[in-house]
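Work through the exercises below with the sequence and the model side by side, and try each task before reading its solution.

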Amino acid sequence: MSESPLHLAGSQCPVYHLLFAESVHQSDVRGGAATSFYLRRESTRLLRDITYSISLEAVTTLIVFLSCQLFHKEILRESIIHKYLMHGRCLPYTSRLVKTLLYNFIRQERSPPPGTHVFQPQTDGGGLLYGIASGVATGLWTVFTLGGVGSKPSPQLEQCSPLANQSLLLLLVLANLTDAPDTPNPYRQAIMSFKNTQDSTAFSSSSPHAFQINFNSLYTALCEQQKSDQATLLLYMLLHQNGNVRTYVLARTDIENLVLPILEILYHVEERNSHHVYMALIILLILTEDDGFNRSIHEVILKNITWYAERVLTEISLGSLLILVVIRTIQYNMTRTRDKYLHTNCLAALANMSAQFRSLHQYAAQRIISLFSLLSKKHNKVLEQATQSLRGSLGSNDSPLPDYAQDLNVIEEVIRMMLEIINSCLTNSLHHNPNLVYALLYKRDLFEQFRTHPSFQDIMQNIDLVISFFSSRLEQAGAELSVERVLEIIKQGAVALPKDRLRKFPELKFKYVEEEQPEEFFIPYVWSLVYNSAVALYWNPHDIQLFTMDSG
């Protein structure tokens, strides 16, 4: 019996060695004499141009090796390629491969001019390898087409690096391979444990696949590439799984460069797929778990946010903008998708921030109260429908009674969370947020119906106290007060209000935790990204079993 072509993935695998060729050339340059540096630099550039297509083909070949998952509805936990990647001779190259793929993503190098390709592209599509290697390439493509691999034109090819895109997709596929029965996924371990090049501490013996990479370059690339699903997914993985990256990101003084692209994803929710929106929201939730982040975003002042169309924002803090976008996402979800988990995570992010709300923009304060108003109206509507339905059922024994109790319960949970968020801000930072107190007083009638409601009575005590205290001071000041005068009275009252009169509640803190068997979500998602975004690869959509074609 002839040897399986998959033995190419072993330690002598040309696919792996081609991927590392560029780093070898760079180390040669570093070892050269200064007098010949220019010539060596030009030589290196030429070598990198020549090997670009080979590196791209090597990455693509590994994706094709792994793409058998597309044709199985269930998650594959054992296969020949899994065996070689998890246990075989590829294993010692784990950290080097992950590092190479990350650097390919970081560099975002465009495809070199056609004249520098070692193999000229075929005019009829297909792979890049032919000519000298045509015998090997033809054999591999014949074995691993799995429903037909060919060229798939992409409108994004002019704007991005094919190698960076393909490398990122391969990295996501490798990181989401399921653990072997006796071995954790080494590629996920590498992603979880790599460190900054500035970190001089020793590697832990429990992290055999750890390596170092330039965090500043990685951060810059992540900030610049968030328009793609795969870059957002990579950011999520790094923040969730790699404590070194998370600590570094939270310590950045230019955090707005990362947060603003994430907010744009949420703002343009109508144009994004649900998975992309969900990942962006989870990233915000992870960031808001940190009190330092929650404080610092209110210190970053932004000017002229052109993509925010509801209102001209000439100057606003990053924190207030974040609140506006999350509230907009909640309102969109209430009227369109009605996804309970999206609601929960939006509210959790707001709750995490609430104790550190500082100098809220007047529009952000208004939107918080407006959201509560919307929820209040929805609560009253469902309550009215339930009452009418109950009256109607008394005259008929045949008609089933709609389950309004569940709807009412969900709405009341969300209302309580909003009240807790408002209460948390008033209890911890009332004197920092006169605009929120102003909005609260302006819409004070909204809260009247919840004062004696058994589900909200406890949390309403502080809110009722604040409304009563400031209403009294405004009445004493006389009628027809200007906005400026009202705000001045609120600021003076915030200092005079005895803090011990406000009841203390447990701090609102929510932490993101992946659900059990996360692979059931992530593996189909990653492969839908490969299917839709991979360069020069095509799979017959009729043969795809892993996900429905409208889910990608």
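What follows is a set of four exercises on a predicted model, each with a worked solution.

**Exercise 1. A helix and its surroundings**

Work out how the span of helix α21 relates to its expected span, and whether the helix is largely enclosed or not.

Solution. Begin with the length: helix α21 covers residues 519–533, which makes 15 residues, and its first and last C-alpha atoms are 20 Å apart, close to the expected 21 Å. Next, look at burial, for which a residue must have under 20% relative accessible area. In α21 the buried residues include E519, P524, W527 and the run from S528 through L529 and V530 to Y531. Since 11 of the 15 residues are buried, α21 is largely enclosed by the rest of the structure.

**Exercise 2. A charged residue in the interior**

Determine which side chain of opposite charge is nearest to E256, and decide what this says about a salt bridge.

Solution. First locate the residue: E256 belongs to helix α11, which spans residues 256–267. The nearest side chain of opposite charge is that of R252, 8.8 Å away. A salt bridge requires the relevant nitrogen and oxygen atoms to be within 4 Å, and E256, although buried, has none. Finally, leaving aside residues up to four places away in sequence, E256 touches P261, V300, L302 and L318.

**Exercise 3. Two aromatic pairs**

Classify the pair F194 and F211 and the pair F372 and F450 by their ring geometry.

Solution. A pair of aromatic rings is described by the distance of the centres and the angle of the planes. The model has 17 aromatic pairs in total. In one of them, F194 and F211 lie 5.1 Å apart from centre to centre with 20° between the planes, so the pair is stacked, as planes under 30 degrees apart require. This pair links distant parts of the chain, with F194 in the loop between α7 and β1 and F211 in the loop between β1 and β2, 17 residues apart. F194 is buried at a relative accessible area of 0%, and F211 is buried at 6%.

For F372 and F450, the centres are 5.4 Å apart and the planes make an angle of 70°, which gives an edge-to-face pair. F372 is in helix α16 and F450 in the loop between α18 and α19, 78 residues apart.

**Exercise 4. Rings in company**

Find which residues form one aromatic cluster with Y236, and which ring the charged end of R328 sits over.

Solution. The cluster joins Y236 with Y278, Y512, F521, F522 and Y525. The charged end of R328 sits over the ring of Y267, 4.0 Å from the centre of that ring.

Technical notes. Residues numbered from 1 in each chain as written. Predicted model: local features only at pLDDT ≥ 70, side-chain atom pairs only at ≥ 80, totals over all residues. Heavy atoms only, no water. Helix = DSSP H or I, 4+ residues; strand = E, 2+ residues; numbered from the N terminus. Expected span 1.5 Å × (residues − 1). Buried < 20%, exposed > 50% of the residue type's maximum accessible area, 1.4 Å probe, protein only. Lys, Arg positive; Asp, Glu negative; His and termini not counted. Contact = heavy atoms within 4.5 Å. Phe/Tyr/Trp six-rings, centres within 6.5 Å; stacked < 30°, edge-to-face > 60°. Lys NZ or Arg CZ within 6 Å of the ring centre and 35° of its normal.
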